[in-house]
Amino acid sequence: MLTKTQIEIMKIFVSKIGKQFSINEISEYLKKPYALIHRSMQDLIRNKFILADEKKLLSLNYKENLEELSFIESTRTKIALTKQNSVSLFVKDCLKEIKEDFFIFLIFGSFAEKNKFNDLDIIMILDTQIRTEQAEKIIKNIASNFSFKTDLHVISKESAYEMFSKREQINILNESLNKHLIVFGGESYYKILSNARR
């Protein structure tokens, strides 16, 4: 069971999957005493939530504890959506209309970082390429009822594996690592990421 401080620490790491931090940076970011962050971090490292390299730089271990990572992602997303009622309604409508057994729905870009946005950037990952066109139509239809503009990317699981496996390439999924909110399918998102980057 994670403490309140550890959850706050983990929120930073899941929001910036591709970044490394020092304990001091986390302490400054959370405006909490270094000793408290150091103590909390030792448990997170021991339980393999966080990885420490030889320079003592810390990064998210996205290959383990997927259920907990998904929980932390959902907490971040709920907080962000409660600040933007129109986006929250849009998301609810989308989740209600999507009739897929497997899908990942995430918001990335400016909204994920600041909750201020010009357009809402969305990535949806589906099981197969065949289903992407219909899902795209459904979401675009829902989006037409809202005043904000959406930038939608619907891709297959296979495409997601390919994008994540090309670590150095600039693409929407690699871009989403450091500015995203996972609305649905957190465990699946992390599973694809960890399998693509063995």
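The following legends describe an overview and close-up views of a predicted model of a protein chain.

**Figure 1. Overall fold and dimensions of the predicted chain.** The chain contains 10 helices and 6 strands. Along the principal axes, its C-alpha atoms occupy a box of roughly 50 × 35 × 30 Å. The radius of gyration is 17 Å, which agrees with the value near 16 Å for a compact globule of 198 residues. Of contacts between residues at least 6 apart in sequence, 65% connect residues at least 24 apart.

**Figure 2. Surface, burial and charge of the chain.** Buried residues make up 49% of the 198 residues. The exposed area of the chain is about 10,900 Å², and 48% of this area comes from carbon and sulfur atoms. The chain carries 31 positive and 26 negative charges, and the mean positions of these two sets lie 5 Å apart.

**Figure 3. Close-up of Asn-61 in the loop between β2 and α4.** The loop that holds Asn-61 follows strand β2 (58-60) and precedes helix α4 (66-82). Asn-61 has a relative accessibility of 6% and therefore counts as buried, the cut-off being under 20%. A polar atom of the Asn-61 side chain lies 2.8 Å from the backbone oxygen of Lys-48. Residues up to four places away in sequence aside, Asn-61 touches Lys-48, Phe-49, Ile-50, Leu-51 and Leu-69. Lys-48 thus appears both in this set of contacts and as the residue whose backbone oxygen faces the polar side-chain atom at 2.8 Å.

**Figure 4. Close-up of Asn-174 in helix α9.** Helix α9 spans residues 172-176 and includes Asn-174. Because its relative accessibility is 11%, Asn-174 counts as buried. Leaving out neighbours within four places in sequence, the residues in contact with Asn-174 are Met-163, Phe-164, Lys-166, Arg-167, Gln-169 and Arg-197.

**Figure 5. Polar partners of the Asn-174 side chain.** One partner is the backbone oxygen of Gln-169, which lies 2.9 Å from a polar atom of the Asn-174 side chain. Another is the side chain of Arg-197, with which the Asn-174 side chain makes a polar contact at 2.7 Å. Both Gln-169 and Arg-197 are also among the residues in contact with Asn-174.

Note on methods: Residues numbered from 1 in each chain as written. Predicted model: local features only at pLDDT ≥ 70, side-chain atom pairs only at ≥ 80, totals over all residues. Heavy atoms only, no water. Helix = DSSP H or I, 4+ residues; strand = E, 2+ residues; numbered from the N terminus. Rg over C-alpha atoms; globule rule 2.2 N^0.38 Å. Buried < 20%, exposed > 50% of the residue type's maximum accessible area, 1.4 Å probe, protein only. Contact = heavy atoms within 4.5 Å. Areas by Shrake-Rupley, 256 points an atom, 1.4 Å probe, with all protein chains shown as cover. Lys, Arg positive; Asp, Glu negative; His and termini not counted. Charge placed at Lys NZ, Arg CZ, Asp CG, Glu CD. Polar contact = N/O pair within 3.5 Å; in protein donor to acceptor, adjacent residues only side chain to side chain.
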